[in-house]
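Good morning, everyone. Let me put the chain up on the screen, and then I will walk through its interior and its overall form.

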Amino acid sequence: MKYESELNAVIEAVKLAQVHILKVYATPFEVEIKSDDSPVTAADKGADDILRAYLGKRFPAYGFLTEESQDTDERFAKEYIWIIDPVDGTKEFVSRNGQFTTNVALAKNGEVVLGVINAPTLGICYYAIKGEGAFRIEKDGKVTPIHVSSRDDHLRALRSISFFKEEEKKFMEEHAASFEGEPRMVGAALKFCAIAEGSADFFYRCSSGTKEWDVASGDLIVREAGGYMAEPDGHEFTYNRKDVYNRKGYVVANKKENAFIK
């Protein structure tokens, strides 16, 4: 299996980070507000330190792009780059609804080749390797292949818990005939996982607030499960960019044909 050593290392690292994250989660932690008005806690910072230290020691030639570390131009000289969100869904973490994840992707020359999404409160981990499919690891260690649904109508849509914009709400209302009922609220990168394992079919994000580390691992997991992700205009993502913001938003669907509902 290609990237087997990297995969094993990431799974070990996110489980180490999970211990720290859940320890903080069980305490009356403090919340800081960063310069971009997003929240950060000791869980984010500590998990970032754990992931960087573990993966940096195992793969010293690889670069890093993480949410909680200072970004530098050094990463542009690297063939391989780790793209990390130690706690994706910090607002969900703060509200204690359990819907947050740890996202780790490995990009080679701008293309994601390995993606892992760990759900600490669920004890479930999702991963994909380019060209080798997508999988779910249960609490007991059982590994199961996952695949998107085959639906072409009555799509089961998802919406963000904390970032559901008026434009997105309007889109869902205008295209209600394409969907089965109201969109289900799901936090963080768990939206990618739900579509990848076939329990949902569509998600649309029109705002520019997300960054590479929010979507890189989910992009590969959905694609390797048979699904599709792109910007709303159909432009597909590259990674390790100078501008890390996903300025145009993105759409995720079980099929490319279902991504651009007219």
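I will begin at tyrosine 239, which, setting aside neighbours within four places in sequence, is in contact with Ile83, Ala107, Gly110, Val112, Glu212, Val215, Ala216, Asp219 and Met229, contact meaning heavy atoms within 4.5 Å. Please keep in mind that this is a predicted model, in which local features need pLDDT of at least 70 and side-chain atom pairs count only at pLDDT 80 or more, while totals for chains, interfaces and linings use all residues. Residues are numbered from 1 along each chain as its sequence is written, and side-chain values use heavy atoms, with hydrogens and water left out.

Tyr239 also belongs to the largest nonpolar core, of 38 residues, where Ile83, Phe192, Ile221, Met229, Tyr239, Tyr250 and Val252 touch the most other members; such a core is a set of buried Ala, Val, Leu, Ile, Met, Phe, Trp, Tyr and Cys residues joined through side-chain atoms within 4.5 Å, buried being under 20% relative accessible area with a 1.4 Å probe, protein chains only. Among the elements giving two or more residues to this core are β4 (80-88), α6 (212-224) and β14 (250-253). Another core, of 35 residues, lies apart from it and includes Tyr25, Trp82, Val116 and Phe135.

Turning to the whole chain, buried residues make up 56% of its 262 residues. Among contacts between residues at least 6 apart in sequence, 64% join residues at least 24 apart. Along its principal axes, finally, the C-alpha trace spans about 50 × 40 × 40 Å.

Note on methods: Buried means under 20% relative accessible area, exposed over 50%, partly exposed in between (1.4 Å probe, protein chains only). Helices (H or I, at least four residues) and strands (E, at least two) are DSSP runs, numbered from the N terminus.
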